[in-house]
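Trainee: I would like a close look at a single part of this model. Please take me through the salt bridges and say how exposed their partners are.

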Amino acid sequence: MLDQTSATPIAQIQELRVEFQTQDGPVLGVENVSFDIRAGETVCVVGESGSGKSVSSLSLMRLVEFGGGRIAGGRLLFKRQHAPAIDLARTNQDIMREIRGNEIGMIFQEPMTALNPVFTVGRQLTEGLRLHKKMSRSEAESRALELLTQVRIPEPERRLTQYPHELSGGMRQRVVIAMALACSPRLLIADEPTTALDVTIQAEILALIDRLKRETGTAVMFITHDMAVVAQMADRVVVMFRGNKVEEGTVEEIFENPQHPYTKALLAAVPKLGEMRGKPYPEPMKLLGTQNKEIVPIKGTQDTLLTVKNLTTRFPVTGGFLRRTVANVHAVEDLSFTINKGQTLSLVGESGCGKSTAGRSVLRLVEPMSGEINIDGKDIMELNAKGLREARLDMQMIFQDPFASLNPQMQLSDQVAEPIHNFGTLKGEALTKRIEMLFDRVELPRSFMRRFPHE
């Protein structure tokens, strides 16, 4: 490992201030934030959603301007390979194009929206290599294959010819990681890089990033809210809260002697094994800076709510001139389980094992081939379109990628109200009160109701 005291910083964020224009006037995304990232070092930036972690990284890439933001103050110094340090905050976009993807690689948070849906995985992986490294098509393709093997994608040759929608969320996440590593950047910004991955793949990806850092001296800015990942990866930790840096220190200092109340709250929120034993039900989480009303949880019962028996879902693979079905992808095979009222069932497994397809099959968002689905005495498999629409009042899904789930052209309050309008359950003032209550329930300020998803 490189000696961090002598290594010159590859990136220096100095008194960064970023503002966003909204209908209700300017909103401060980041205020007066400063920290350095040295060669061969991993700096973990932690904090709750909306604390300014991603805004800091998007500012370094100068992408924040494309999301309605403006760098209102501060300097972003970056040490280039064979050139003096430049201030990225004042660099023109032509030079930024040379730096992005080549000298600064970024793993974006949403794998679904980070990939272009109309190009194959191979085309997207080779684009940066051919542009920045001036490789021939065959050289770029062999490097792309090597990268997919590194991030442990099964059948990498086949993946190169596939489109993003043909891959599971975890596989797409691995493609995004491979793209960021393609040109061996000097600085790697990893924004929640393991969100969609199962723990076995997560461990391998973290080890891969760590190995890259040690072998090439790459500096890593790692954005996460997972304190277990911080303990494993970090050399130094920067804690952010509501747009400000509230604490910075080595991983030992932060874990053993946290100073700021928010850091203490973050560490206290990490679940400990065996903690739930002997308790009739879990205590509600205490969030910092919110007025926690006394919520009395409802106890789970032994009454069965959902029964799934021998569920099988397969996807046809077409081929040939007449697009006949030549094979089937066995997504879910003979799955059976029950869930009791007021209880939680966790469906776990590696990416691509059929977890999401099982959930979609229960709601018949994808049509199962066979099996039984029974919700509170209602046979879901027997329902016609009208009956299924009514049944969906009682069953809902939170999708994997929040950004791709929201309509970019609608205000948040209208999107929350849409299902209510759809089923005509509430009108007028009752509808407004319901939406306000729902925003309060998920701890979002009511001012967010007028915002759009990108804000």
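Mentor: What follows goes through three salt bridges and then turns to a helix beside one of them.

This is a predicted model, in which local features need pLDDT of at least 70 and side-chain atom pairs count only at pLDDT 80 or more, while totals for chains, interfaces and linings use all residues. Residues are numbered from 1 along each chain as its sequence is written, and side-chain values use heavy atoms, with hydrogens and water left out.

Side chains of opposite charge can pair when their charged atoms come close. A salt bridge here is a side-chain nitrogen of Lys or Arg within 4 Å of a carboxyl oxygen of Asp or Glu. The structure holds 27 of them.

Start with Arg 17 and Glu 19, whose side chains meet at 3.4 Å, N to O. For exposure, buried means under 20% relative accessible area, exposed means over 50%, and partly exposed lies in between (1.4 Å probe, protein chains only). Arg 17 has 31% relative accessibility, so it counts as partly exposed. Glu 19 has 15%, so it counts as buried.

A second salt bridge joins Glu 204 and Arg 152 at 2.9 Å, N to O. This pair links distant parts of the chain, 52 residues apart: Glu 204 is in helix 8 (residues 199–216), and Arg 152 is in the loop between helix 5 (137–150) and helix 6 (156–160). Helices (H or I, at least four residues) and strands (E, at least two) are DSSP runs, numbered from the N terminus. Glu 204 is partly exposed at 33% relative accessibility, and Arg 152 is partly exposed at 44%.

The third pair is Arg 236 and Glu 248, at 2.3 Å, N to O. Arg 236 lies in strand 9 and Glu 248 in strand 10, so their salt bridge ties together parts that are 12 residues apart in sequence. Arg 236 is buried, with a relative accessible area of 12%, whereas Glu 248 is partly exposed at 32%. Salt bridges that share partners join Arg 38, Glu 41, Arg 236, Lys 245 and Glu 248 into one network.

Strands 9 and 10 also bring us to helix 11 (residues 261–268), whose buried residues are Tyr 262, Thr 263, Leu 266 and Leu 267. Seen down the helix axis, these residues fall within an arc of 135°, so they line one face of helix 11. The arc is that of the directions from the helix axis to the C-beta atoms. The buried residues of helix 11 pack against strand 9 (236–241) and strand 10 (244–250), among others; contact means heavy atoms within 4.5 Å.
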